[in-house]
Each structure stands twice: as structure tokens, then as C-alpha cells.
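Here's a quick briefing to read alongside the model. Have the sequence and the 3D view open, and we'll go through it topic by topic.

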Amino acid sequence: MSFTRRQLLGGLVGLAVVGFGAGGASRYWLGRRDSPVGPVYELIAAPLDLELVAGHQTPAWAFGGTVPGTELRVRQGDWLRVRFVNKLPVPTTIHWHGIRLPLEMDGVPYVSQLPVLPGEYFDYQFRVPDAGSYWYHPHVNSSEQLGRGLVGALIVEEREPTGFKHERTLSLKSWHVDEAGAFTDFSVPREAARGGTAGRLSTINGVPQAIIDLPAGQIVRVRVLNLDNTLTYRLNLPDAEAQIYALDGNPITPRPLGKDYWLGPGMRVCLAIKAPAAGKEISIRNGPVRLGTFRSVANNEAPGAWPRPLPANPIAEPDLASAETLNFNFEWVGSVSVNVENGAPPSLWQINGKAWDITDKTCADRPIAKLVKGKSYIFELKNMTQYQHPIHLHGMSFKVIASDRKAIIPYFTDTYLLGKNERARVALVADNPGIWMFHCHVIDHMETGLMAAIEVS
Ligand SMILES: [Cu+2]
């Protein structure tokens, strides 16, 4: 590493973390609101009473006054500039899931930046290299903060027209609420030791059983984002004409959606759907359970054509012949009683024999692997548990190349859903220096050990 944490934090304190009370906050503003190189957003996180259950209020937390949060849009290659204002009663950060960006913009507390305290703001500014569907969320007390609604879509538009004339974003999230809209526990140790604590009320864009209109006869780009803490959605659209155009932001050669697509927490799938005749409906389902409905609405346009494949993102191709192989074993070490008395989360999961402790600010000082900048690596991912884990890497995308469970058509992603007892191989070029979180995106698993840091220098 070319810096120590102390220097990093010292630099940031002076540079960008500025309390409102400091006076003249605007003089710290680095961008312009009419910036020619990309949009400038002011994004406020604040409490929001929400009617998820009819007739009842749920004390949610929200980005920009909505759940999911304000949909941020920026064009590929441009700068995204977000002044993030914390009006919550707790410290927080924003992590930009799937975006390849500099470490100091990555939103990991005590690694990228200090937590943004109540009443403070932080300016996030970075260039977005890849088009696709991404999302943003805190990386602090994630069970509660994501659980209360702090999730939102970040859409990076292609620089040239793609041929899609219509587009929808569907953010999936299930809420930990009871029949009266009150929050239930976001994390229960005995559930964290299994598949994770599931919410009970499924929503699309914050609405239970949402109805989404589509223009009849048109091909619609439908971005489906799993912003849930826990659930893997077995996404299916019975009888729909649907093609997959991109996985987790990165284009693939279009192929039919098929019977169902397993969309783990944090993952995204970009579909093209041919809307049926006016008045017809398509169920949006998780396995056999209906989450919502597409409804076709009459329109005057000529019938749409299937667009060509989306253009590839500029991700470096790993050199498999020279790549060094690193093994990562994901293990269950459940002992639910540990630590529960003192309020700390139990330690239930490990990567290569090490459990991450979210209460220990020094964990990132002990990276589980050190990669040489510019070199290619193959990660051999071995799931030694009976539960599936959506394995996510910050800062870099990787190419999925093999699995012992299914045929893989190699593709780039930031999150791979590693099945029960599955072994998979992914490859990458370590081209982004920093200390990057490598973790399961079942939030319960991440907060009870299944996280590590990988250093690139
Ligand atoms: Cu997991």
C-alpha cells in the first residue's frame, strides 16, 4: 500500500468531510450544477414514514424521499457527482455497487472514508467507466440501514443509442415488517447462521403487488435489480417473450430468460420484453409467487424490433495462461451463542479460516490476499456450506469462467451467486489499486463473518 489509514483519513478530513456547522459549506463545492461532464445530484438520506401496509406507517429511511431511493442516471464515461447529505440519526456512507472507481469513493467506513455523521455531507465524484444497471447503498450497519430502505438504482446509460425506445427499472425488496407495518428484527442470529433473515413483504419499487404498464407490442428494456438483504429471487415471467441482454451490468449475447433466473442479493438482470397485446398481463414471479404484474397498454407506435446486443464494457481481459490461482474457501463455523451477550454480532462464517468482525475497524489492515497491480488472477471459489452466497467484489469486475455445477458462458460481473457446495472459477486483471471488500451480499452473512479485504498494489 502506498498510504496508511491515518494519512488517508487525515487527507479526507480536510478535503471532503465537512460539517454543516463549519460555515460557508458551498466554498467546498468542487463541481458546478450545470456541469458539462455529467449530472450533479444532491442526495439526502432522511427518515420517511411509509405506508407499506395499508393504514399503517413504517418508519423507513430513504434516499431522496422515496423508497427505493432516487434513481441516479449518468452517461458512460461521464462523471457522477453526488453531494450526499446525512439527515439520518446515525452515521452512514454510500457504496456504489458494481462501479469500478477509486478507493476513496467506494464508501467503506475506515477503509475509503470516515462515516458521514448526522448533519454532515460528503461529495462523491467519480467517472463511470461501464454502462449498465448498478445500485447504491450504505456500508455501515447494513442490516438495519438497507433494511429500512436505504437502497437505490444507479443507471449508467450507453453513450450511443441502443435501439431500446422504452425502459423500466424494477427494484425488488422485501421488508422486515409485521401486519401493522412495524419493523421486525433485521437480523436474527439463528437465521443469520442459515440463509439469512428474510423480510415478509415483497415489493417492486416499494409497492406490494405493483402494476407496471408496458406499451403494447413494443420491446421494452426492463432492468431488474435485487436490492434485498437476503432473498434470492427465482425470477420468471410465465408466457412472456423475454430475452436477457445483460447480467449485473455487463452485456451478454442475448438469450431467452427461460424457466427462471436466480437473482441473488445485489445482482441485476437486464431483460428485453415484448409487451403483449393491449389489455394482456404478464406475471412477475419469484418461483411460484407473484410479486407484481406487467400490464400492456395500447399505443400508436409501429411494432418494435429486437435491438442488437448491447456494446461490451471496457473491462481488461484476464490472461488465463499467465494467471496465478488463489483459493477462497467459504465456510460455516456457526456458534450462535458467541458474542450475543455483549451485543456484538455472532461469528458464523469464514473465508479461508478468517471471520470478518464488523466491530473491529482494523480488519482491513489484514487483507486475505495481496494482488500485484496489472497481473491476472484466477479465484477458485469453493463453497463449503449448505447455503448459497452471492459473492461480490468491490472496485473491479471479474469474469466467470467455470463452475462444477453448470455450463458457463464466460461473462463479466461484480457478483457471482455461488451455489451450495459449488466450486467456481472467476478471473480478473488486478488493475485498480486499493483495499477492496470481497464479501457475501446476504447482509446477515457479511455481518457475521463472510467478508474479507483484498489488496491491490
Ligand atoms: Cu452468504
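Two strands count as paired here if DSSP finds at least two bridges between them. By that rule, strand 25 (residues 389-393) and strand 28 are partners, running antiparallel over 4 bridges. Keep in mind throughout that this is a predicted model.

**The big picture**

- The chain has 4 helices and 31 strands.
- Of its 457 residues, 45% count as buried.
- Take the contacts in the chain with a separation of 6 or more: 74% of them link residues 24 or more positions apart.

**How far to trust it**

- The average pLDDT for the chain is 89, and 89% of the residues score at least 70.
- Residues 1-34 are the stretch to treat with care, since pLDDT there is below 50. The model still gives this stretch 31 contacts beyond near neighbours in sequence.

**The sheet with strands 25 and 28**

- This is an open sheet of 5 strands in the order 23-31-30-25-28, and the pairing is mixed.
- Strand 23 (369-371) and strand 28 (415-418) are the edge strands, each pairing on one side only.
- From one strand to the next, the twist averages 20 degrees.
- For a spot to zoom in on, try histidine 392, whose bridge partner in strand 28 is threonine 415.

**The six-stranded sheet**

- Another open sheet has 6 strands in the order 11-10-13-18-15-16, again with mixed pairing.
- Which strands stand at its edges? They are strand 11 (201-204) and strand 16 (250-256); each has a single partner strand, so one side of each has no neighbour in the sheet.
- Ignoring direction, neighbouring strands in this sheet are turned by 25 degrees against each other on average.
- Inside the order, strand 13 (residues 219-226) and strand 18 (residues 268-274) run antiparallel and are joined by 7 bridges.
- Leucine 225 sits opposite arginine 268 of strand 18.

**Strand 29 and its partners**

- Strand 29 (residues 423-429) has 6 of its 7 residues buried, so the rest of the structure largely encloses it.
- Strand 24 (residues 376-383) pairs with strand 29 in the antiparallel sense over 7 bridges. Within that pairing, look for leucine 381, whose bridge partner in strand 29 is alanine 424.
- Strand 26 (residues 398-403) also runs antiparallel to strand 29, joined to it by 4 bridges. Valine 400 has valine 426 of strand 29 as its bridge partner.

**The nonpolar core**

- In soluble globular proteins, nonpolar side chains tend to be buried together.
- In this model, the largest nonpolar core has 108 residues.
- Which members touch the most others in that core? Val224, Leu271, Val426 and Trp436 do.
- Val426 thus turns up twice, as a core member and as the bridge partner of valine 400.
- Leucine 271 touches Val222, Val224, Ala242, Gln243, Ile244, Tyr245 and Leu257, leaving out residues up to four places away in sequence.

**Alanine 46**

- Alanine 46 lies in strand 2 (residues 40-50).
- Buried or partly exposed? Alanine 46 has 15 C-beta neighbours inside 10 Å, so it counts as partly exposed; the buried class takes 20 or more.
- Beyond its neighbours within four places in sequence, alanine 46 is in contact with Ala62, Lys87 and Leu88.
- Glycine 65 is 19 residues away along the chain, yet its C-alpha atom is 7.3 Å from that of alanine 46.

**Backbone details in the loops**

- The peptide bond from valine 67 to proline 68 is cis, with omega near -10 degrees. You'll find proline 68 in the loop between strand 3 (58-63) and strand 4 (69-75).
- Asparagine 205 isn't a glycine, but it has a positive phi of about 55 degrees. It belongs to the loop between strand 11 and strand 12 (210-215). With 19 other C-beta atoms within 10 Å, asparagine 205 is partly exposed.
- Asparagine 352 also has a positive phi, near 50 degrees, and lies in the loop between strand 22 (349-351) and strand 23. It has 14 C-beta neighbours inside 10 Å and so counts as partly exposed.

Note on methods
Residues numbered from 1 in each chain as written. Predicted model: local features only at pLDDT ≥ 70, side-chain atom pairs only at ≥ 80, totals over all residues. Core = buried A, V, L, I, M, F, W, Y, C linked by C-beta atoms within 7 Å. Buried ≥ 20, exposed ≤ 12 C-beta atoms within 10 Å, placed from the backbone. Contact = placed C-beta atoms within 7 Å. Helix = DSSP H or I, 4+ residues; strand = E, 2+ residues; numbered from the N terminus. Axes fitted to C-alpha atoms, helices over the stretch in contact; angles between N-to-C directions. pLDDT = per-residue confidence, 0-100.
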